[in-house]
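Open the model in your viewer and keep the selection tool at hand. Each stop below says what to pick and what is there.

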Amino acid sequence: MPKSNIKYLISKTLHLVLLWSRSSTGTQLPKVVKVRSSSQTSPDHGLVYAVCALLLDLTLGNGPDGQIVYGRHSRKGLGISRQGRFSSELTPKENDQELVSANDEAILETDIKAKFDQTAWNLTPSQAATTVYDARSMADAQATNAAQGTEEDARNDDEWTRLNKQHVALLVGLGGLYPDKDMVKAVLTSGPGETKRILDVGCGTGVWALDMAREFPHAGVTAVDLAPVPIDAAGLPSNVQFEIDDVNKGLEHFKDMFDLVHIRLVGSGLQNFAKTMQDVEECLKPGGIALFMDVDYDMYSEDQRVYIPFALEDDDVECERSWFQRIVYEMRRGAMSSGKSDIYGMSKAMDEGLWEHPLMDPETCKTGSLYMPIGPWAEASNQIAAQQLKYVGALMRQDLMSAHRAGHAVMKRIGWPPETLAKWSSKADEQMMKTNPRTWIRMRYAWGRRRAGENQPAPALATPPGIHADDPEVPYPHFYVYGSKEESLAETKLRNRGKDLPVPPLPIASVTPTPAQT
């Protein structure tokens, strides 16, 4: 790091320590900590992570709330900029806080508040004017959610907050908003008078679409989801629009329209994952790039290649088996029992990649695995990488401690009583807080470009890949890219060892059990 930036961080530290020292005399402390961001000082640097979190802890530790602002962005919620800089409101989470120091002792775990003032069910005039809805109504979308196993609308404030924490963790892991940065930026480089188009399928909170709209202001961004998005219309970029759409009904109305299509973490809600992959690929223009991402519903031990078995009814929290794995196993079983979720099809399709898809150029196709620790237990020899792992682990623990409770509804559908689920969740939380067993969760990636025509390669890019490279100086240490189907499936075979366990009994006999193997 250049000396000028070191001096800047030292001066910021001293300034806020001074404010902290004044707090004992009743001096009002600032609720916003502004940290300059540049190519040298960005959240990719572990020192910035540590110092900023320490400053917030010192100055706001006894206060009700606070905000760290990185770079130019200060909008409410989580704003991710093109180099992975972000702004977020942070408040310490009671009973889940660890002291942060610049020498990589630990990391402050926080709640990231991403609650927009305006809910999606009560649109302001300006929001309605900038949001496109098709013929399907909000009531229809809510009914569809209920049919898929949600007893009430899960898209409440806590769920939006959880999803935005997850977004930040994924951003740190990827070093940005998407993999294969050179390729994506080359695809989205516009010629004179040309407007590139981006589609975000299953946009959730809308944060990825909003940040892509800011990163690529010359591009038009369309984001679709089954339910309205909680957008603060006051800060909405002019080049983004949101639509309500059921992806299971097809995407024919978007055929051949987009330069980039992104679909993330919607596999559990898709009835035919392979068909949706084909629909997404047909939305691309020739040469456009498709980015698929979803979660692996199996957890892995410290070496990342050994499956952690699910806990059984008589296990306590000290056992080597995982209660979180058991909850995820039953969530998957419940989703599959509805006949409306193709989780196993998703797992197979993502590991096989796009190499043999007729529309896609195999020379441009890759898959990837992003391993994220659950809790800040993972270490690295490099200080910056160690800070990244601790930060991601802290966020993912908070994300998943909320997520497994959100899954109770689908587990009740296969007969598990609420008191049993509450007991399981309590045990899962205790294991996560103790980081025992030490657990990795894996995110799956697959991407590639559409051919120029039948059996033709993708068209040449006007701006060759490589000249846009702006990866962090120290990349996240556990993102692995596979360049062929054979390599991808070889890794899958290693991960599948130990998954052929006896299927645990269901509380009712009317539901056909599903195998443990994915």
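Begin with the lining of the second largest cavity in this predicted model. By class, that lining has 12 nonpolar, 3 polar and 1 charged residues. The space inside comes to about 110 Å³. Now select Leu174, Leu177, Tyr178, His262 and Tyr445. Of the 16 lining residues, these lie closest to the cavity centre.

Next, colour the elements around this cavity. Which element gives the most to the lining? Helix H5 does, with 4 residues. Show H5 as residues 157–174. Then add strand S9 (258–264), strand S10 (284–300) and strand S12 (440–449). Each of these strands, like H5, supplies at least two lining residues. If you run a cavity search over the model, the count to compare with is 8 cavities of 30 Å³ or more.

Move on to strand S6. Select residues 197–201. Is S6 largely enclosed or open? Four of its 5 residues are buried, so S6 is largely enclosed by the rest of the structure. Add strand S7, residues 220–225. The two strands run parallel, and 5 bridges join them. For one pairing, pick aspartate 200 in S6 and alanine 223 in S7: they are bridge partners.

Follow the chain out of S6 into the loop that leads to helix H7 (207–215). Stop at threonine 205, which sits in this loop. Is threonine 205 buried or exposed? Its relative accessible area is 4%, under the 20% cut-off, so threonine 205 is buried.

Now draw a distance. Put one end on the backbone nitrogen of valine 207 and the other on the polar side-chain atom of threonine 205. The two atoms are 3.3 Å apart.

Which residues farther along the sequence touch threonine 205? Leave aside neighbours within four places in sequence, and select Trp160, Leu163, Asn164, Val229, Pro230 and Ile231. Threonine 205 is in contact with each of them.

Finally, zoom out to the protein chain. Its secondary structure comes to 14 helices and 13 strands. Of the 518 residues, 57% count as buried. Switch on contacts between residues at least 6 apart in sequence. Of these, 73% join residues at least 24 apart.

Technical notes. Residues are numbered from 1 along each chain as its sequence is written. This is a predicted model: local features need pLDDT of at least 70, side-chain atom pairs count only at pLDDT 80 or more; totals for chains, interfaces and linings use all residues. Side-chain values use heavy atoms; hydrogens and water are left out. Buried means under 20% relative accessible area, exposed over 50%, partly exposed in between (1.4 Å probe, protein chains only). A polar contact is a pair of N or O atoms within 3.5 Å; within protein, one must be able to donate a hydrogen and the other to accept it, and residues adjacent in sequence count only if both atoms are side-chain atoms. Contact means heavy atoms within 4.5 Å. On a 1 Å grid over the protein atoms alone, a cavity is a set of points where a 1.4 Å probe fits but cannot get out, and a pocket is an open set with protein on both sides within 12 Å along at least five of seven lines; lining residues have an atom within 4 Å of a point. Grid points are joined across faces, edges and corners, and a volume is the space filled by probe spheres set on the points. Ala, Val, Leu, Ile, Met, Phe, Trp, Tyr, Cys and Pro count as nonpolar, Asp, Glu, Lys and Arg as charged, and the others, Gly among them, as polar. Two strands pair if DSSP finds at least two bridges between them.
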